[in-house]
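Thanks for sharing this one with me. Here is a friendly note from a colleague, set out point by point.

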Amino acid sequence: MFTIGAHLSAGKGYVNMLETAQSIGANTFQFFTRNPRGGKAKEIDEADIHAFKERAAAAGFGTVLAHAPYTLNACSAKPEVREFALMTFEDDLKRMELLGHQLYNFHPGSHVGQGETKAIELISDILNRVLYEDMTTTVLLETMAGKGSEMGKTFEELRAIIDATTLNEKLGVCLDTCHVNDAGYDIANDLDGVLEAFDRTVGLERLKALHLNDSKNPLASHKDRHERLGEGTIGLAAFERIINHPQLRELPMFLETPNELDGYAHEIALLRSLRR
């Protein structure tokens with residue numbers, strides 16, 4: 001099944017997101033667990049969750065992806081920021097378990113001068129405190145562009161975080177096409193080479209989802225500015241190869257392009273037309 005969706009507002013609940021996704025031709029969606037620039041989450045609506053699970057199953061809906069707020073920085077130099085990251089992580093995973101067997105994505109964070117080794121220690125410390133044996137949610141480290149002191153800009157950094165985490169069978173990776181391009185991985189011209197490097201370093205079995213975004217910037221710019229598909233430096237031909245690649249085609253894919261709903265609908269229809 002071609003599982004394709006976009007980032008939607010969670011303001012009106014899961015059933016509303018499902019209906020919105022269907023209205024734009026999607027069969028999955030991504031959403032923020034709470035205000036992306038803040039910390040407050042909505043009250044849990046068990047009736048909405050129950051109705052969503054029933055309707056998603058009936059519609060053959062794919063795996064959905066929850067995105068942690070941008071303010072979750074597990075490797076901050078400030079203890080109070082790391083404490084917020086821990087509390088947010090714990091609360092979000094409790095909420096995700098109500099949905100069951102879904103994905104939770106987070107940015108590894110920025111070390112702000114502490115260095116990569118310390119950052120890996122801090123990120124894995126939080127993961128070791130929030131992951132538990134019988135959880136059904138898979139937690140995804142997102143590949144990052146390397147802007148400033150961002151962690152996750154190389155496959156080696158992702159591997160180091162995974163290796164330092166005890167219950168690392170609960171961890172996977174979300175590959176963001178704009179981010180890996182801006183980090184220096186040439187997915188436009190050497191997709192097979194990038195996937196081989198990922199497999200050697202992290203393991204393709206860890207790759208659980210894709211963010212599909214073109215980039216406003218050239219390869220290895222470390223900028224992180226998303227563009228609509230086919231309007232950036234990655235190019236539409238590369239996305240045709242990505243969505244049809246035998247090692248990627250069965251993964252859930254999520255648009256984070258600068259669009260409103262009609263733009264997402266256009267891109268989803270475009271991708272479906274390119275699917276072989």
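The points below go from the overall fold to the cysteines.

1. Please keep in mind throughout that this is a predicted model. Its secondary structure comes to nine helices and ten strands.

2. On overall dimensions, the radius of gyration is 18 Å, which agrees with the value near 19 Å for a compact globule of 276 residues. Along the principal axes, the C-alpha atoms fill a box of roughly 45 × 45 × 30 Å.

3. Burial and contacts are worth reading side by side. Of the 276 residues, 58% count as buried. Taking contacts between residues at least 6 apart in sequence, 78% join residues at least 24 apart.

4. As for the surface, the protein exposes about 11600 Å². Carbon and sulfur atoms supply 50% of that area.

5. The charged side chains number 29 positive and 41 negative. How far apart do the centres of the two sets lie? The answer is 2 Å.

6. You may wonder about disulfides: a search of the whole structure finds zero. C75 is in no disulfide, and its nearest cysteine sulfur, that of C174, is 18 Å away. C75 counts as buried because its relative accessibility is 0%, under the 20% cut-off.

7. Why does C178 not bond to its closest cysteine? The closest cysteine sulfur, in C174, is 12 Å from the sulfur of C178, and that is too far for a bond, since a disulfide needs the two sulfur atoms within 2.5 Å. C178 also counts as buried, at 0% relative accessibility.

How values were computed
Residues numbered from 1 in each chain as written. Predicted model: local features only at pLDDT ≥ 70, side-chain atom pairs only at ≥ 80, totals over all residues. Heavy atoms only, no water. Helix = DSSP H or I, 4+ residues; strand = E, 2+ residues; numbered from the N terminus. Rg over C-alpha atoms; globule rule 2.2 N^0.38 Å. Buried < 20%, exposed > 50% of the residue type's maximum accessible area, 1.4 Å probe, protein only. Contact = heavy atoms within 4.5 Å. Areas by Shrake-Rupley, 256 points an atom, 1.4 Å probe, with all protein chains shown as cover. Lys, Arg positive; Asp, Glu negative; His and termini not counted. Charge placed at Lys NZ, Arg CZ, Asp CG, Glu CD.
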